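Visitor: Could you take me through one part of this structure slowly, strand by strand? I would like a close look at a single piece and at what lies around it.

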Amino acid sequence: MKKLMIIMLFLLLINISGCGFKDIDKRFLVVAIGVDKGEVKKYNVTLKLIIPTALVSPGQSKYQLIHYEGDSISEAIEYLRSEIDKQLDLGHAKITIIGEALAQDQISNHFDWFIRRRGIQRIEYVALGQPSAKDILSLSQQSERLAGNSLILSFGHEGTESSFIVTEYLYDFYERLLEKGKDPFMPVIRVRGDTYEINKAALFDKEQVKLMLDPNDTRMFKALLMKKSNFEVRVKEDPLEYTLSVQHLRYHFKIVTPSNGDPYLQLDMKVKGIAEESDTIQFHESWNEIERAAEQSLERSIKQLLEKMSAQQLDPLGFGLRYMATRHDGEKEWEDWQSIYPKLQFRVNVKVTLEGTGEIN
Amino acid sequence: MITIGELSRTVKKAMDSSDFKTARLQHKHEELLVYYYESLCDLKVLRERISAPLVKRSEEQTFTEVLQSELGCEEVHDVSEVVEKLLRGCIVIYVKDHVFVLQALKVLTDQVREATVEASIEGPHYCLTENLHMNLNLIRQRYPSKDLTAKEKVLGRISNTKLILLYHEGLVQAEVLAHIEQQLSRIDVDLIQSHGQLEALMTKKKYRLFPLMLNTERPDRIALNLAQGKVVILLDGIPSALIAPAVFYDFISAVDDTTQSFFVSHSIVLLRYMALLITITLPALYIAIVSYNPEIFRVQLAVSIAGSRASVPYPSFVEVFIMMFIIETLIEASIRLPKYIGQAATTVGGLILGQAAQQAGLVSSIMIIVTSMVAIVNFVIPINAMSYAMRVVKYPFILLSMFFGITGIIVALFCFSMYLANMESFGQPYFKLFVGEKSATGYKHKETS
Amino acid sequence: MNHYRLGLIGIAMLITPIVYLPRFFIEARFTGAIPAIILAAMTGSLISIWFLHSMKQSRGLTVLEVIKKQVPSYLGWPLHVCMSITGYVGGALVLITMSSVTMRFINPTMDIHVLLLCFLLAGGWSALRSSRALMFGMEYWILLCVPLLFFLWFKSVSNTMFDWDAVLMLTDYVKITPSWQLIFVGSFIFTGFISFYVFKEAAKWQASIHEAWMIPLAGVIVFCGFFFIPFGVHGTQAVEHYNYIWMNTADSIQLKHGMIERGVFIYLAVYMIISLLFISISWYSAAAWLMNGVLASAAYSPKKTRRIQQLVVVVMTVVAFAGGHYMNEQQLFLFTKYWFFARFIVDVILVWIVGSAVKRSKLSL
């Protein structure tokens, strides 16, 4: 009796299961998704599929690019399924690139599919492609072992740790799209020759791209956003001219709303660094002046960046959220902040400590 | 008083055997009849202890008195005992209506040899022999305690195998001992020849996968377990002992563990648990990852797996079954084969077959790694019985991962742990966290799953 | 301190993200979630401490034995049935939720019935193990799972993307009168173990009640982890858009140097185990409640009792399968809410009856 039951159960299992069974070689691993504005329809979805090879070696990466236009992303992907012979596996998509044209309006609608759809990683990277996502995906770098690997390595900070590359994850982008007092941003990828150039950041309000930061501002922005050190500052204060390599960076800010006078944002930053490239500084000179020079130039560039952002009412660093977190007025805070931000003044105070003058004095 | 007639009637059956000898020894007025199995007895004993005294004997003594003073010689009053004594290697002497038996068994199996199954690097090297008394000797040397109690029993209608129950009086739990004795008394078979058989006869459950008693050949391990209050069962003719009750941890620990420092021995135990986990889940994980959830690992690894599998024409579980079949047969073959052929078999099977199968596109190279990993890692488990059991356990895991993917593996792991936790060895829990329990070596043993 | 009892208390706390508890509170984040949990911690801990205190008087008896001894049977058997039903429904809800979560995140193309069956077989089979086995299993699985869970918490909090400002935003909404419903829901963290108090291993008393301060402390820590971390990760607005908030929070954890890159798989593995533990423990105790109160009597042979237990568990699995077949996610969510209310009321009645019965019997002695 018991044996019979076990056999019955086993047969039942064999019959009902196995629907999810699909071998890895019957799947196409999608490594990157690109979404552009379609010419006829709303979207043009491009998928970069990896073609696995038995031997993996640099420069030998094989991939297949497929694209289709549709009025929704899911529709385009549905069509794409019919074009290929294996199952599309979106679970490995590590990066989503949005074409620049698409980022001009209603960005939150485009992202609905990515969040709603099961199987898309929340930790996938998002980026803006210039001029279009498809151009970015068509490029395969020489050193790549694996299609799309160089982008994954760049954004994951596993390979290069460039100070120009800001990283944005899907979950964080979605958070910023909805959050009051914190605005979304994206790194911008461009193609230069046969490599990628990632040194800009695009700032969004809740709907579209408002501001494109140039590389220098991007570097400062990244330092403020991720509190990451390891970047260089060109200090140019007469008579000194040198490059400061930042080893250690800490900052905090608060928003002060005095009852009389304008509200201001007080940002205090502490920087430790070493001089990297200079022909003007001397080991035996007073370091105070050298530090002063660096402080001034850092203060200037930070203030420049903050004012650029506030002029456009953009708040990717979450000043508004901080304002609301430190006040206790409930719903009213948001309205207050919206009136405060345009006239907010920035007071930046940087304290630089020079730890050395490099290997030579 | 036993008459010569009675005696010869009793041994008449044995007379047919060619190795059964009868001798008549005569000196002066004394006359004795000697019966023995030539194959069992040491003739030196007969010569030194019967023939010589018979000749040298002084006039005043009768030979009966000589025999009575002889060590290992006793008088038998019941004629029916004679045949059994003969079969146990005794010489039966008939002197003037008295029957004496003299222990003259030629023992060839009491040579102490080095441990082969449970070899150790730093611990003692010698292990139990196939002789019961020699074994008792070895154990008593290691465990010189007056509380060490030995109880002899005889099992098997034909084999009449001697069995010794050893335990430390006072440390052993009374109910465990009673349970074991009760189980032993219920055994009713013709022939008993191995510990596995005894273990099966002593446990009620028919469908059983894991060993409930520990089979060891090392006297030091036996001593350790005696000090932990366990019961040791020795069978005559078997160079190892059974220890009950056993817990799962016993099968994961080696005797060497106590020779190392704290961190070394504990990391080795941890390593074994990890090995255990790998050996039962790895083939199942391969199926789950290849066929259900490639996204668990990072994309770079997934692509390598996909690449290596590109030429394999059938689903992953077939691949796993093929390779598992090859490796299991290889292990079985190399155990049974003579040493010299065994090496050739492993080379052919392991190296050439694996390499060729991968090149022919029958299996992926990742699968080759998985297979050899599973086999190697299985050998880490110190006790053979457990490593056999673990070889079987991986198949339910493979089945469940075939049906449910990674979910199936986790569910199987959970059920497996529950199955172990539900097991009992002679009323004692088998698998749990042993925290704060008495440790005979001063080592704190901890168990994780 | 009895670690089996601690394990039972712990398992009832750890299961909360599966029974949507963080989601109830996140939805009410601007309408009194924080005061609700403070009140729930107070009432819940008081109830459990009262319960543990009255159990302590009975010197190591399980709640079943206490009721049999000291509660009149006209009160006893409805109590048994109610406890059994609430205990069982808890396990079944966890099972259904877990299968749908697994279907979404691990086996998207699989039929939900297959997964239901898989969990049902495992849960039902484990519920039929001995009480000792369940306790041992619970002990080592909790010891393995809790560090992993803390690791994931640590990983998400230590991420530079974690936004403390979003967490601090909630301080504005402390002085709001919470709804009663939320307090009922929240008190599950602190009183969830009461219906599991049928394991004789867990009922043993060794020394003073350490649980008295452990329950509120551990409960609040567990709640804070499950409630506040999603805010730091998803912000104050996006957080309410997710159905299974903790699955998505775990999916937002990247283990850069890990063999497994996505935190969600570790989280899912941990939660499959915790759910299976919860299911088997709650079904075991539900069967024990039902059998002690209604179905079995001491006169039955062990074999017959065992048969009844098997029958009860089989009926339970069949009902759970039907539930999983007919309920959609929205119904499940609502049903969970009602279950929270029901079990709160039943637990309070049980604690009150047992507490007063123990007190009375002590007076009469």
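Guide: Happy to. One definition helps before we start: two strands count as paired if DSSP finds at least two bridges between them. Keep in mind, too, that this is a predicted model.

Let us settle on β2(A), the strand at residues 43-50 of chain A. Chain A has 10 helices and 13 strands, and its C-alpha trace spans about 90 × 55 × 55 Å along the principal axes. Of the 361 residues in chain A, 42% are buried. In β2(A), by contrast, 8 of the 8 residues are buried, so the strand is largely enclosed by the rest of the structure.

Follow the side chains along the strand and you will find two sets. A:Y43, A:V45, A:L47 and A:L49 point one way, while A:N44, A:T46, A:K48 and A:I50 point the other way. Both sets are buried, A:K48 and A:N44 included.

Now for the strands that pair with β2(A). One partner is β1(A), which covers residues 27-37. β1(A) and β2(A) run antiparallel and are joined by 8 bridges. The two form a hairpin, with 5 residues between them. To pick out one pairing, look at A:G34, whose bridge partner in β2(A) is A:T46.

Another partner is β3(A), at residues 63-70 of chain A. Here again the strands are antiparallel, with 8 bridges joining β2(A) to β3(A). A good place to see this pairing is A:L47, which stands opposite A:I66 in β3(A).

The surroundings of β2(A) also take us into chain B. There, helix α12(B) runs over residues 299-309, and 9 of its 11 residues are buried. Among the buried ones are B:V299, B:A302, B:V303, B:I305 and B:R309. The elements that cover the buried residues of α12(B) include both strands of our hairpin, β1 and β2 of chain A. From chain B itself, α11 (262-291) and α15 (365-378) take part in that cover as well.

Those chain B helices lead to one last point, which comes from a record. An unreviewed UniProt entry annotates residues 270-292, 363-385 and 397-421 of chain B as "transmembrane region". In the model, residues 363-385 of chain B are 70% helix and 0% strand, and the end C-alpha atoms of that span lie 30 Å apart. Residues 397-421 of chain B are 96% helix and 0% strand, with 18 Å between the end C-alpha atoms.

How values were computed. Residues are numbered from 1 along each chain as its sequence is written. Chains are lettered from A and ligands numbered from 1 in the order in which they are written. This is a predicted model: local features need pLDDT of at least 70, side-chain atom pairs count only at pLDDT 80 or more; totals for chains, interfaces and linings use all residues. UniProt positions are given in the numbering used here, feature names are shortened, and annotations may be inferred rather than shown by experiment. Helices (H or I, at least four residues) and strands (E, at least two) are DSSP runs, numbered from the N terminus. A residue is buried if 20 or more other C-beta atoms lie within 10 Å of its own, exposed if 12 or fewer, and partly exposed in between; C-beta atoms are placed from the backbone. Two residues are in contact if their C-beta atoms, placed from the backbone, lie within 7 Å.
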